[in-house]
Amino acid sequence: MSRRGFVLLALLPWLPARAQQPGFEALMRRFAALPASHASFTEEKAIPELDLPLPSTGLLAWQAPDRLEKRTTSPIEEVLRVEGNRLDYARPDRGIHRESSLEDQPEMRALVEAIRGTLAGDAAALRRHYEVGFEGAAEGAWRMDLVPLSLRVRAAVQRIRLAGRGAQVLEVDTEGNGGVTRMRITPQP
């Protein structure tokens, strides 16, 4: 076999991923065109130490370029808001309010950038933090697997899987520390 033939054979495993990149880029453009979105969510956290998953419900809000809010309404009221590099956490029933920087919390930054990078249509941000796997089409159903590039982050978050249809995220599954968090999202008009 010629050297050129060997190189082509070595590249074959990469060809399907490259063929799907136009779909990923088109999806990112669709997300980038949306200035804001609102949704409700249900979430279940399955933690190895617990017999039953921990359910919660609430609301999500996105405002371009970088504001993301997760407001849990049940079983407790809790607000997590990110704008720029600032992270605000509030638990009104206990009078708790904390502000910090995402730079100080790389594990939290990984989760934030997965959602925020997707909703902003920021492919460069996603690639800066993750190995990105993509299947599907910008107009139809799609699935994105994000594996953190940072070994420190990967120790806490092994994978984030987002799935949706068109410019809507409908599912976010996070695997980390032996547990799984499954969020199901219902877009609001």
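This is a short guided tour of a predicted model, stop by stop, with something to select at each one.

**The whole chain**

Start with the full protein chain in cartoon view. Its secondary structure comes to 5 helices and 11 strands. Of its 189 residues, 33% count as buried. If you switch on the surface, the accessible area is about 11100 Å², and carbon and sulfur atoms hold 55% of that area. Contacts across the sequence are part of the picture too: among those in the chain with a separation of 6 or more, 38% link residues 24 or more positions apart.

Now colour by pLDDT. The mean for the chain is 88, with 89% of residues at 70 or more. Select residues 2–20 next, where pLDDT stays under 50. For that segment the model has 4 contacts beyond four places in sequence. Please read that stretch with care.

**Helix α3**

Select residues 106–120, which form helix α3. How far apart are the end C-alpha atoms of its 15 residues? They are 20 Å apart, in agreement with the 21 Å that 15 residues should span at 1.5 Å a residue. Look along the helix and you will find a kink of about 25°, centred on Glu113. Glu113 is also one of the buried residues of α3, along with others including Pro106, Arg109, Val112, Arg116 and Leu119. Just after the helix, click on Gly121, which takes a positive phi of about 70°.

**An aromatic pair**

A search of the whole structure finds 2 aromatic pairs. For one of them, show the side chains of Phe31 and Trp142: their ring centres are 6.1 Å apart and their planes lie at 85°, so the pair is edge-to-face. Phe31 belongs to helix α2 (residues 15–32) and Trp142 to strand β8 (residues 141–148), so the pair ties together parts that are 111 residues apart in sequence. Are these two residues buried or exposed? Both Phe31 and Trp142 are buried.

**Strand β3 and the loops beside it**

Move to strand β3, residues 67–74. Begin with the loop between β2 (54–63) and β3, where Pro65 lies. Zoom in on the peptide bond joining Ala64 and Pro65: this bond is cis, with omega about 10°.

Within the strand, select Lys70. Setting aside neighbours within four places in sequence, Lys70 is in contact with Phe41, Glu43, Leu59, Leu60, Glu78, Val79, Leu80 and Met183. If you draw a distance from its C-alpha atom to that of Tyr89, 19 residues away along the chain, you should get 9.8 Å.

Thr72 is in β3 as well. Is Thr72 buried or exposed? Its relative accessible area is 5%, under the 20% cut-off, so Thr72 is buried. Beyond four places in sequence, Thr72 touches Phe41, Ser56, Thr57, Gly58, Glu77 and Glu78.

Leave the strand by its other end. Ser74 and Pro75 are joined by a cis peptide bond, with omega about 10°. Pro75 sits in the loop between β3 and β4 (78–83).

**Strand β6**

Now select Arg98 in strand β6 (residues 96–101). With a relative accessible area of 52%, Arg98 is exposed. Its contacts beyond four places in sequence are with Leu87, Asp88 and Tyr89. Arg98 and Asp88 are 10 residues apart in sequence, and their C-alpha atoms are 5.8 Å apart.

**Between β10 and β11**

For the last stop, select Asn177, in the loop between β10 (169–176) and β11 (179–188). Its backbone deserves a click: phi is positive, about 50°, although Asn177 is not a glycine. Asn177 is exposed, with a relative accessible area of 56%.

Then step along to Val180 in strand β11. At 23% relative accessibility, Val180 counts as partly exposed. Show its surroundings and you will see it touch Glu44, Lys45, Ala46, Thr174 and Glu175, leaving out residues up to four places away in sequence. To finish, draw a line from the C-alpha atom of Val180 to that of Arg159: the two are 21 residues apart along the chain and separated by 9.7 Å.

Key. Residues numbered from 1 in each chain as written. Predicted model: local features only at pLDDT ≥ 70, side-chain atom pairs only at ≥ 80, totals over all residues. Heavy atoms only, no water. pLDDT = per-residue confidence, 0-100. Contact = heavy atoms within 4.5 Å. Helix = DSSP H or I, 4+ residues; strand = E, 2+ residues; numbered from the N terminus. Buried < 20%, exposed > 50% of the residue type's maximum accessible area, 1.4 Å probe, protein only. Expected span 1.5 Å × (residues − 1). Bend = angle between axes of the 7 residues up to and from the residue. Areas by Shrake-Rupley, 256 points an atom, 1.4 Å probe, with all protein chains shown as cover. Phe/Tyr/Trp six-rings, centres within 6.5 Å; stacked < 30°, edge-to-face > 60°.
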